[in-house]
Amino acid sequence: MKPIFILSIVLIYFCILLLIAYFTGKNDSNEAFFKANKTSPWYIVAFGMIGASLSGVTFISVPGWVQSSQFSYMQIVIGYLFGYFVIAYVLIPIYYKLKITSIYEFLKQRFGPTSHKTGAFFFFISRVLIASFRLFLVASVLQYYIFDSWNVPFEITVILSVLLIWIYTFKGGIKTIVWTDTFQTIFMLFAVFATISIILTKLNWSVSAIFSSEEFHKYSQIIFSEDFNDKKYFIKSFLGGMFIAIAMTGLDQDMMQKNLTCKNTKEAQWNVISLGFVLIIVNFVFLTLGALLFIYAEKFGIETPIIDGSIKTDLLFPEIALHSDLGIYIGMVFILGLIAAAYSSADSALTSLTTSYCIDFINIESKKKSAQKSIRKKVHIAISILLILVVIIFRYFLEDNIISSLLQVVSYTYGPLLGLFAFGIFTKYNIKDTYVWVVAILSVILSYFINAFSSQIFNGYIFGYELIIINGLLTFFGLYLIRKPNK
């Protein structure tokens, strides 16, 4: 598929997003930008959150992960579901009762301003890194398959990618995101199912033939329970997935901001629970696609792309879609699905980071009414520039599979949030608020060293994504140490 044709598809797609933004962004108030006036139907929010939860990382990196980890990712996804129940029945009632815009306002009311800022800071760092991971992936694909042929620098590709997001979110904010996410989820799911259908036709397989074939069985092991020291061991993956879901959704302003646009607690709970069940099905489909991609590549002699001497399994899907003999249709489907998946998460991240900075760091509601909208727009621009810079830095330092790298980052940056919220919800203690940031930083440092030397300390044990639990427990214990005496 020629680069100019791929670029044309991308531009047409963004024109549709701009049209949605035009109708949803007519009300340019901060109330609409931050809360969507609390009028979003829960089922629209739930459906749109599928795309935001999965992102371009899932669209490309999860299928690419199948070769090295088979279907072990499903162990994490099953844990997600149990995490969503905790979010629905523990966290959401608290958020709605307090009537907050930023969920980190809970920490301010519970402990004080330092806790508030510490929680917001770790979210900010987490979401900048996660959004940058996702943007880096899609920018890399666009660079490799479009802009390299025109000698356009990677930096320009990143700037254009973020600029397009900024254009359709700068007015409507979360109100626009709720509806663009729905539109983008439709395209993403259509792309996956259409790709599976095309590959099955090429392989002369029926749907039932997938699950009975020996080739598929080479990639499809879900449960790993032989070696407790293995990073993929079931209990470790399940618990890691459960607490990652609690942290990445329930303690994440990006995801919760969408939930808080629902009319009431009950609708927000329905949103989260339905999302948990749907994600199990959708992630299994993505892993099935991954197995089919490797089977197809092996059968037709397609090699995984190599960049700077490293094999990039993340690029196998685009390689097959754009450079194989499957036809122009699969190329179009892939590009639409990739853009939909990548930007359904990146656009909401830009909006939530703007919200968090305005509410949590500069207390925009205390500013003059006449200046609030202008401040919000300037912050929106500044966050966009920050994302551009971080994505460009990733170009030179990121080597691992994207989904693996992303989950590792989550284990470190969301752990303090887990400990802070758990201590605030499940204990009655007050704490010495001034020292909270010290506890949070030390927890991350200790978690890093425990992970780095785990095999020596724990007789060969290697931490997986359950490391987030250790991080959260360290924070919880640190907060206990700085508790105030009961009066």
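Mentor: Contact means heavy atoms within 4.5 Å. Keep that in mind, and remember that this is a predicted model.

Trainee: Of the contacts in the protein with a separation of 6 or more, what share comes from residues 24 or more positions apart?

Mentor: Take the contacts with a separation of 6 or more as the total. Then pick out the pairs that lie 24 or more positions apart. Their share is 85%.

Trainee: How many helices and how many strands does the secondary structure come to?

Mentor: The chain has 487 residues, and 61% of them count as buried. As for secondary structure, the count is 21 helices and two strands.

Trainee: What part of the exposed area of the protein do carbon and sulfur atoms supply?

Mentor: Start from the total: the protein exposes about 19,600 Å². Carbon and sulfur atoms supply 66%.

Trainee: Why is helix H14 described as largely enclosed by the rest of the structure?

Mentor: H14 spans residues 316-323. Leu316, Phe317, Pro318 and Glu319 are among its buried residues, as are Ile320, Ala321 and Leu322. The helix is largely enclosed because the buried count is seven of the eight residues.

Trainee: Is serine 213 buried or exposed?

Mentor: Serine 213 sits in the loop between helix H9 (207-212) and helix H10 (214-217). A polar atom of its side chain lies 2.9 Å from the backbone oxygen of isoleucine 210. Its relative accessible area is 10%. The cut-off for burial is under 20%, so serine 213 is buried.

Trainee: Which backbone nitrogen does the side chain of glutamine 253 reach?

Mentor: Glutamine 253 belongs to helix H12 (residues 253-259) and is buried, at 0% relative accessible area. Beyond neighbours within four places in sequence, its contacts include Thr101, Ser102, Tyr104, Phe123, Ser352, Thr355 and Ser356. At 2.9 Å, its side chain reaches the backbone nitrogen of isoleucine 103.

Trainee: Which helix gives the largest share of the lining of the second largest pocket?

Mentor: The pocket holds about 250 Å³ of space. Of its 16 lining residues, Phe243, Ile246, Leu418, Ala422 and Phe426 are the closest to the centre. Helices H4 (73-98), H11 (234-250), H18 (415-426) and H21 (467-481) each supply at least two lining residues. The largest share, six residues, comes from H18.

Trainee: How many residues of that lining are nonpolar, polar and charged?

Mentor: Phe243, Ile246, Leu418, Ala422 and Phe426 are among the lining residues, and Ala, Leu, Ile and Phe count as nonpolar. The full lining divides into 14 nonpolar, two polar and no charged.

Trainee: How far apart in space are aspartate 230 and glycine 460, C-alpha to C-alpha?

Mentor: Aspartate 230 is in the loop between H10 and H11. At 24% relative accessibility, aspartate 230 counts as partly exposed. Glycine 460 is 230 residues away in sequence. In space, the C-alpha to C-alpha distance is 9.0 Å.

Trainee: What is the phi of asparagine 204?

Mentor: Asparagine 204 lies in the loop between helix H8 (174-203) and H9, and is exposed at 71% relative accessibility. Its phi is positive, in a residue other than glycine. The value is near 60 degrees.

Trainee: And what is the phi of asparagine 459?

Mentor: Asparagine 459 lies in the loop between helix H20 (454-457) and H21. It is exposed, with a relative accessible area of 69%. Phi is again a positive value in a residue other than glycine, near 55 degrees.

Technical notes
Residues are numbered from 1 along each chain as its sequence is written. This is a predicted model: local features need pLDDT of at least 70, side-chain atom pairs count only at pLDDT 80 or more; totals for chains, interfaces and linings use all residues. Side-chain values use heavy atoms; hydrogens and water are left out. Helices (H or I, at least four residues) and strands (E, at least two) are DSSP runs, numbered from the N terminus. Buried means under 20% relative accessible area, exposed over 50%, partly exposed in between (1.4 Å probe, protein chains only). Accessible areas come from the Shrake-Rupley method with a 1.4 Å probe; for residues, only the protein chains shown count as cover. A polar contact is a pair of N or O atoms within 3.5 Å; within protein, one must be able to donate a hydrogen and the other to accept it, and residues adjacent in sequence count only if both atoms are side-chain atoms. On a 1 Å grid over the protein atoms alone, a cavity is a set of points where a 1.4 Å probe fits but cannot get out, and a pocket is an open set with protein on both sides within 12 Å along at least five of seven lines; lining residues have an atom within 4 Å of a point. Grid points are joined across faces, edges and corners, and a volume is the space filled by probe spheres set on the points.
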